[in-house]
Amino acid sequence: MKKTLVIAQGDIAKIFLDSILDKYFSNDYYIVISKDMCFIPEKIPSSFEFHTFDYTSAFRISQVYNEEIYNIFLVLDDESEILATYEILRELNKKTRIVTSLALEKYTQAMKDDKNLIVLNQRQIIANKFIERLPNVPLIPRSFGLGQGEIMEVGVPSGSIFAYRHIGSIQQRKWRIVGVYRRGELLLSSHSVVIRPNDSLLIVGDPKILNDVYMQIKSDIGQFPAPFGRDIFLYVDMSLSNEHRIYNDVQNALFLNEKLKNNKLFIHILKPSNFDLLDKIKALESKNVEVWVDYTNANFREKIAKDSQKRFGLVIINQDIFALRRNRRALFELSIPVLKTGWEHIDECKKSFVVLSENMANTENVASVVFDISKQLNLEVDVYDYDTDGSYHNEIMQSYEELSRIYERKLNTIQTDSKNPISYIQDSFTPYLCFVPFERNIAKTKTFAFTSTDVHKIASMNNKNPQIFIPLPQKQGS
């Protein structure tokens with residue numbers, strides 16, 4: 001039978017032993033050694049045996065020690081006794097696990113080399129407890145796992161960039177959201193769960209990455225392209241687009257690189273042929289702008305697949321690249337925000353434009369991105385609510401109104417049962433930045449798209465206005 005040896009003396013030892021006797025007496029067989037009779041309870045459970053003697057005596061310990069002991073706890077308040085007793089125990093067995101508490105400066109070389117020794121640092125434990133009670137500090141459980149911060153509980157403040165997003169819409173590399181605590185209830189993570197203000201997220205992953213994620217969760221509103229990624233990527237294909245369109249794409253990307261809170265802009269040039277234009281673009285390089293020229297003759301789909309390990313925050317392309325079905329499908333599968341440039345420049349846009357539809361009831365992350373970008377670009381938000389039966393989307397509109405207050409953006413509502421949004425925006429003289437949910441239908445063929453009843457599929461064919469396609473949560477295996 002496997003047994004646990006507890007060598008105990010002092011106040012901490014008394015609390016430790018009382019807890020075992022009260023709650024865990026049936027979990028194992030315990031041998032307890034102490035100098036003090038007070039450690040022996042009036043009623044001794046059958047799973048305990050007690051001995052009172054000087055545990056620094058090698059002879060006396062050897063009389064109690066046997067090969068069935070596989071765990072030893074040295075819970076002593078005298079550090080010199082810990083060192084002496086440790087030496088005795090290691091003479092008896094080199095491999096038995098020993099757990100004790102000792103100041104770092106007291107370690108012997110043998111202790112440092114002992115892979116079967118676990119030393120608890122009281123000062124560090126107490127300091128961690130103080131730290132955990134500081135405001136705006138993640139809770140890190142240290143009693144299980146590695147105890148290094150690979151598990152965190154992080155509260156979601158009002159206005160967080162994670163608020164009102166589906167878990168499936170948040171890129172999670174080397175970390176995962178595994179649960180959401182809401183009003184005293186644990187919701188297990190799924191792609192469709194929407195994160196709300198005042199939720200607490202249970203996250204796991206690489207401790208260093210979790211620290212970055214914690215900072216993102218606590219970040220104020222207006223942080224796009226986070227949490228999708230950190231960088232903006234512009235792709236131009238000289239075999240598809242003329243010089244004027246490519247240079248306009250570059251200017252749009254430079255504008256967003258200046259206005260959005262991204263880390264860096266990467267300009268990727270595919271199939272280079274116009275070397276005068278190439279030199280002009282290369283001249284724009286700076287510490288925040290990098291230009292990459294691909295001489296391998298790779299097409300956009302091949303290039304984006306190769307780059308997919310990078311942290312895409314926003315991908316910018318023009319209508320020539322977007323028009324190809326294989327390219328749209330590749331972008332859809334990556335589940336990242338995509339800006340398709342239009343005839344109108346982004347820096348000329350005065351308002352954002354989004355169309356409500358029945359299937360947007362569960363796409364709060366679309367609204368969140370709309371307001372995040374609108375705040376950073378200082379745009380008003382026009383929401384177009386079109387229904388031929390006059391059955392407007394009032395519930396969805398309420399969430400937009402709530403976000404408009406959080407992001408401090410002016411919200412204009414257009415409700416109509418007569419003019420469809422595509423005709424409205426084509427006839428409008430207002431320079432709009434349009435937002436479209438990146439649905440699977442958009443990634444499919446465009447044949448007869450104008451006859452489709454899917455308003456977002458039709459909207460994707462609008463080349464007049466710049467459009468940002470926002471990824472939706474994708475179910476596993478979809």
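This short report looks at a sheet and two cysteines in a predicted model.

## The six-stranded sheet

Let us begin with the strands. Six of them form an open sheet, and reading across it gives the order β3-β2-β1-β4-β5-β6, with parallel pairing. Strands of a sheet pair through backbone hydrogen bonds, either parallel or antiparallel.

At the edges stand β3, covering 48–52, and β6, covering 117–120. Each of these has a single partner strand, so one of its sides is left without a neighbour in the sheet. On average, and with direction ignored, neighbouring strands of this sheet are turned by 15° against each other.

## A closer look at β2 and β3

The pairing of β2 with β3 is a good place to see how strands line up. Strand β2 spans residues 29–34, runs parallel to β3 and is joined to β3 by five bridges. If you would like to find a pair of residues in the model, try valine 32, whose bridge partner in β3 is phenylalanine 50.

## Two cysteines without a bond

Now for the cysteines. A disulfide is a covalent bond between the sulfur atoms of two cysteines. This structure holds zero disulfides. Cysteine 349 is in no disulfide, and the nearest cysteine sulfur, in cysteine 434, lies 7.8 Å away.

Why does cysteine 434 not bond to cysteine 349? A disulfide needs the two sulfur atoms within 2.5 Å, and the 7.8 Å from the sulfur of cysteine 434 to that of cysteine 349 is too far for a bond.

Are these cysteines buried or exposed? Cysteine 349 is buried, with a relative accessible area of 6%, and cysteine 434 is buried too, at 5%.

Note on methods. Residues numbered from 1 in each chain as written. Predicted model: local features only at pLDDT ≥ 70, side-chain atom pairs only at ≥ 80, totals over all residues. Heavy atoms only, no water. Buried < 20%, exposed > 50% of the residue type's maximum accessible area, 1.4 Å probe, protein only. Pairing = 2+ DSSP bridges. Helix = DSSP H or I, 4+ residues; strand = E, 2+ residues; numbered from the N terminus. Axes fitted to C-alpha atoms, helices over the stretch in contact; angles between N-to-C directions.
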